[in-house]
Amino acid sequence: MSMSSQSKTAELSVTSGAANFLRNYYIYFVLVAVVALLSLANLDQFALFERGNFLNKRNIINILRVSAPILVVAGAFTLLMVSGYIDLSIGSTMGLTAVIYAMLAINGMPFVPAFLLTMLAGAVLGAINGILVVRLNITPVIATLITLSLFKGIALLLVQDGVSAIKSGGGLKMPAWFNDYGRDGVFLKLPAAFWVAVAVTLVLIVVQNRGKLGKYAAATGGNPTAAKLSGINTGRTVFLLYVIVGVAAALAGIARSSFMSLGDPLSGDGMELTAILVVLLGGTAFSGGEGRVLRSFVGALIIMALTVGMLTIVPAYYQTLVIGAALLTAAATNHLVSQKGKVS
């Protein structure tokens, strides 16, 4: 091999290595950049870590506390999209399970059985999506758009006429423990809902890296025909992933219901869009086959940091624009880096 060929090979190797590094770790740099910018934005008014500054301890705790719903959903939604499928009903599932949880609690059921029954309800709702997509072969977008309306309609029907949510009133009162799960600090002043989200994410990271389900999801999304020929039951894999997403949505519903001290049938509105943004921001391919649970978790932190951080920096009518621009920039950067890595 000539010297010029060796030089070109070495140059391509370095370029490919740099592209791979950026593709794998760019999301962490984005998180650091977002935190730094938000912390410095009003430094002329509030010193670092002072109340009013983004890095104030109370502000960080608040952000993590309100992040529990999207954090617990991000990992499950990632695995489903890695398999090449999507669930647009996740917000309605969250809203319906929030109502179910509040109904069980306000009618006297203790925390543990109410929690478990709500998770079971989420699994059933996820299974309905799985049946529509896997058994009836309805396109995922169409199937989950149907259940989006169906689940929301059921949630609205469960709420009595004249009120907007299941809450204290009319002779019924939420039990004293209802807010504990989503509000009361159990470790580092963060509530159980946050730590459950962290635990679920860790489990799903292990599942993705070491478990058969993670490998089967990637194979199904990467090349479903080859996956079937290799003996993978792709239908069962996708069905199970829909059930897992349903359970994650139920956990999000419980967290939101507990935090708000009511069961709002519309509490999950927009969650489907947020979940899609989170996983795409984390580098998950919309077409399937590629994506990491941990990166989606970080993507969720970025979105929540932007959402809460913007409140004290720019007027309300600019917040959506700023957040959208930041997400577009990050997603475009990820896409360009990924494409460069493939070409290299």
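This is a selection-by-selection tour of one protein model, starting with confidence and ending at a loop.

**Colour by confidence**

The model is predicted. Colour the chain by pLDDT: the average is 88, and 88% of the residues score at least 70. Now select helix α14, residues 316-343, where confidence is lowest, with a mean of 65. Then select α5, where confidence is highest, at 98.

**Helix α5 and the aromatic rings**

Stay with α5, which covers residues 111-135, and show the aromatic side chains. The whole structure holds 10 aromatic pairs. One of them is formed by Phe111 and Tyr181, a tilted pair with 6.1 Å from centre to centre and 40° between the planes. Which helices does this pair tie together? Phe111 belongs to α5 and Tyr181 to α7 (residues 180-183), so the pair joins parts that are 70 residues apart in sequence.

Switch on the surface and compare the two partners. Phe111 is partly exposed, at 30% relative accessibility. Tyr181 is buried, at 7%; a residue counts as buried under 20%.

Next, select Phe187 and Trp195. Their ring centres are 5.3 Å apart and the planes meet at 55°, so this pair is tilted. Trp195 is partly exposed, with a relative accessibility of 27%.

Go back to Phe111 and Tyr181 and add Tyr101, Phe115, Trp177 and Phe178 to the selection. Ring pairs link these six residues into a cluster.

One more ring deserves a stop: Phe259. The charged end of Arg183 sits over the Phe259 ring, 4.6 Å from the ring centre.

**Helix α3**

Select residues 68-82, which make up helix α3. This helix has 15 residues and spans 22 Å from its first C-alpha to its last, close to the expected 21 Å. Look along the axis for a kink of about 30°, centred on Ala74. Is α3 enclosed or open to solvent? Of its 15 residues, 15 are buried, so α3 is largely enclosed by the rest of the structure. Just after the helix, Gly84 has a positive phi of about 95°.

**Helix α12 and the loop after it**

Move to helix α12, residues 271-281. Its buried residues are Met271, Glu272, Ala275, Ile276, Val278, Val279 and Leu281. Gly283 follows α12 and has a positive phi, near 95°.

Now pick Thr284, in the loop between α12 and α13 (293-309). Thr284 is buried, with a relative accessibility of 4%. Which residues does Thr284 touch, not counting those up to four places away in sequence? They are Thr78, Met81, Val82, Val279, Glu290, Gly291, Arg292 and Ser296. Thr78, Met81 and Val82 fall within residues 68-82, the range of α3, and Val279 is one of the buried residues of α12.

**Asn209 and Arg292**

Keep Arg292 on display, since the last stop uses it too. Select Asn209, in helix α8 (residues 192-210). Asn209 is partly exposed, at 37% relative accessibility. Leaving aside neighbours within four places in sequence, Asn209 is in contact with Lys215 and Arg292. Draw a distance between the C-alpha atoms of Asn209 and Arg292: the separation is 9.2 Å, for two residues 83 apart along the chain. Arg292 therefore appears in two contact lists, that of Asn209 and that of Thr284, where Thr284 is the buried loop residue.

Definitions and conventions: Residues are numbered from 1 along each chain as its sequence is written. This is a predicted model: local features need pLDDT of at least 70, side-chain atom pairs count only at pLDDT 80 or more; totals for chains, interfaces and linings use all residues. Side-chain values use heavy atoms; hydrogens and water are left out. Rings of Phe, Tyr and Trp (its six-membered ring) pair if their centres lie within 6.5 Å; planes under 30 degrees apart count as stacked, over 60 as edge-to-face and the rest as tilted. Helices (H or I, at least four residues) and strands (E, at least two) are DSSP runs, numbered from the N terminus. Buried means under 20% relative accessible area, exposed over 50%, partly exposed in between (1.4 Å probe, protein chains only). A charge sits over a ring if NZ of Lys or CZ of Arg is within 6 Å of the ring centre and within 35 degrees of the ring normal. pLDDT is the predictor's confidence in each residue, from 0 to 100. Contact means heavy atoms within 4.5 Å. The expected span of a helix is 1.5 Å times one less than its number of residues. The bend at a residue is the angle between axes fitted to the seven residues ending there and the seven starting there.
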